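Colleague: I've got a model open and I'd like to practise reading it feature by feature. Could you walk me through it?

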Amino acid sequence: MSMGTAPAIPGCAESHVTGLADAVLAELLGLVQQHSDVGEESTIDLRSLPMTDADRELLKERLGTGEVSTTINAAGLSIVEETTIPGVWWVRHEGGEGRVAAEQIAVTRIPEILLTHPDDIASAPEKLSALIHSSVEQNTPERSL
Amino acid sequence: MNRKETLGEMMNRRGVSRRAFLKYASYLASMMALPPAASSALAQGLTHARRQAVIWLSFQECTGCTESLTRSNNPTLEDLIFDFISLDYHHTLQAASGDAAEEARHQSMVDNKGKYIVIVDGSVPVKDGGIYSTIAGHANVDMLHETVQDAFAVIAVGTCATFGGLPYAKPNPTGAVPISDLVKDKPLINIPGCPPVPEAMTGTIAHVLGFG
């Protein structure tokens with residue numbers, strides 16, 4: 001469980017396909033239906049499931065990659081991709097040395113982490129003002145005596 | 001840093017975005033087997049929390065617990081916890097030594113009365129008045145009682161602090177005991193392991209900060 005270093009299933013090779021990918025797809029169908037019917041968002045934490053690396057690769061292959069693919073640089077790299085199923089996103093957070101810290105499937109219009117937080121927006125005018133002030137200072141020609 | 005400042009304000013001042021909070025919370029929620037939906041609540045809790053004063057006491061131990069917690073080489077997701085706490089006293093990590101170090105511990109106890117967390121690694125010798133391990137002339141058992149009296153909670157990390165560990169093994173010449181034998185009137189969280197999984201330590205601290 002720790003950063004993906006321990007085997008998901010004791011005694012089971014990470015290359016072994018257990019069938020859990022199909023089980024997740026079945027669960028996902030219910031969540032996608034809920035999202036479509038009433039707009040309810042949900043998340044599946046893949047690292048909390050006893051899936052092998054091969055299970056996750058198979059699941060990712062089955063879901064494919066859709067139109068949107070983006071990276072986030074915040075305390076390490078994160079990769080957020082919409083799958084070929086609209087509103088189903090594959091979110092992968094990396095920690096130190098590229099280790100996987102969290103991996104989720106999010107059923108939502110857009111994953112929360114892609115949205116700019118209101119507190120960050122609140123700091124935007126001050127940051128832009130500082131940037132303008134700084135560039136004005138740099139571009140002001142010095143007067144010759 | 002201003003102790004009245006929230007973690008969110010402090011991190012914003014340092015250029016760390018809310019996305020980093022959310023990512024950290026997702027990582028912790030996954031690691032601690034919390035429901036995925038808990039990550040937003042945890043991120044929100046961390047954002048509004050104050051920086052937590054921590055006093056770390058090391059008694060009969062090998063420093064492996066500290067090594068485990070600090071082994072990461074680069075500032076990463078896992079290291080964010082060090083920005084969330086004010087480590088006011090720690091033998092191995094603090095720059096101050098001697099009287100200045102002890103003064104830092106006492107000052108933190110006064111400034112954060114009833115609010116600071118005491119982390120303990122190592123067992124405590126109690127035989128013969130606890131003379132087998134002393135710090136600044138004080139027996140470990142006396143330092144523990146003095147420090148814990150105004151603490152908010154105590155976290156015992158490592159097998160020695162939680163169950164006695166190697167010093168507790170027969171014939172136990174120093175009369176070593178785990179922290180749970182000595183701390184009875186404060187919330188006590190045991191995180192065993194030799195050393196404990198670092199994420200278990202950081203996750204526990206973050207959980208206390210985020211959810212109280």
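Modeller: Sure. Keep in mind that this is a predicted model. Let's begin inside chain B, where β7 (153–157) and α9 (198–211) each supply at least two residues of the lining of the largest cavity.

Colleague: How do I read a cavity in the first place?

Modeller: The general idea is that rolling a probe the size of a water molecule over the atoms shows where empty space is left. Here the count comes to 1 cavity of 30 Å³ or more. The largest cavity holds about 30 Å³ of space.

Colleague: Which residues line the largest cavity?

Modeller: Look for Trp56(B), Leu69(B), Ile119(B), Ile155(B), Val157(B), Ile191(B), Met201(B) and Ile205(B). By class, that lining has 8 nonpolar residues, no polar ones and no charged ones.

Colleague: On to helix pairs. At what angle do α2 and α3 of chain B cross?

Modeller: For helix α2 (residues 18–31) and helix α3 (residues 38–48) of chain B, the axes cross at roughly 125 degrees and come within 8 Å. An angle between 115 and 145 degrees is neither roughly perpendicular nor roughly antiparallel, and α2(B) and α3(B) are therefore oblique to each other. Their crossing is right-handed. On the α2(B) side, the contact is made by Arg18(B), Phe21(B), Leu22(B), Tyr24(B), Ala25(B), Ser26(B), Leu28(B) and Ala29(B). α3(B) brings Ser39(B), Ser40(B), Leu42(B), Ala43(B), Leu46(B) and Thr47(B). Sorted by class, this contact has 9 nonpolar, 4 polar and 1 charged residues.

Colleague: What about α2(B) against α9(B): how do their axes cross?

Modeller: Those axes come within 10 Å and cross at roughly 115 degrees, which makes α2(B) roughly perpendicular to α9(B). In this pair the crossing is left-handed. Tyr24(B), Tyr27(B), Leu28(B) and Met31(B) of α2(B) meet Glu199(B), Ala200(B), Thr202(B), Gly203(B) and Ala206(B) of α9(B). The class count for this contact is 6 nonpolar, 2 polar and 1 charged residues. Tyr24(B) and Leu28(B) are worth clicking on, since they are listed in the contact with α3(B) and also in the one with α9(B).

Colleague: And what do α6 and α7 of chain B do?

Modeller: Helix α6 (residues 98–111) and helix α7 (residues 140–148) of chain B have axes that come within 10 Å and cross at roughly 30 degrees. That makes α6(B) roughly parallel to α7(B). Glu102(B), Arg105(B), His106(B) and Met109(B) of α6(B) touch Met143(B), Glu146(B) and Thr147(B) of α7(B). This contact has 2 nonpolar, 2 polar and 3 charged residues.

Colleague: Last topic, the backbone. What should I expect before I look for exceptions?

Modeller: Most residues other than glycine have a negative phi, and most peptide bonds are trans.

Colleague: Which residue other than glycine has a positive phi here?

Modeller: Ala33(B) does, with phi near 60 degrees. You'll find Ala33(B) in the loop between α2 and α3 of chain B, the two helices whose oblique crossing we went through.

Colleague: And where do I go for cis peptide bonds?

Modeller: One joins Lys170(B) and Pro171(B), with omega about 10 degrees. Pro171(B) sits in the loop between α8 (158–163) and β8 (176–177) of chain B. Another cis bond joins Cys194(B) and Pro195(B), where omega is about -5 degrees. Pro195(B) belongs to the loop between β9 (188–191) and α9 of chain B.

How values were computed: Residues numbered from 1 in each chain as written. Chains lettered and ligands numbered in written order. Predicted model: local features only at pLDDT ≥ 70, side-chain atom pairs only at ≥ 80, totals over all residues. Heavy atoms only, no water. Axes fitted to C-alpha atoms, helices over the stretch in contact; angles between N-to-C directions. Helix = DSSP H or I, 4+ residues; strand = E, 2+ residues; numbered from the N terminus. Parallel < 35°, antiparallel > 145°, perpendicular 65-115°, else oblique. Left-handed = near helix turned anticlockwise from the far one by under 90°. Contact = heavy atoms within 4.5 Å. Nonpolar A, V, L, I, M, F, W, Y, C, P; charged D, E, K, R; others polar. 1 Å grid on protein atoms, 1.4 Å probe; cavity = no way out; pocket = protein on both sides within 12 Å on 5 of 7 lines; lining within 4 Å. Points joined across faces, edges and corners; volume = space filled by probe spheres on them.
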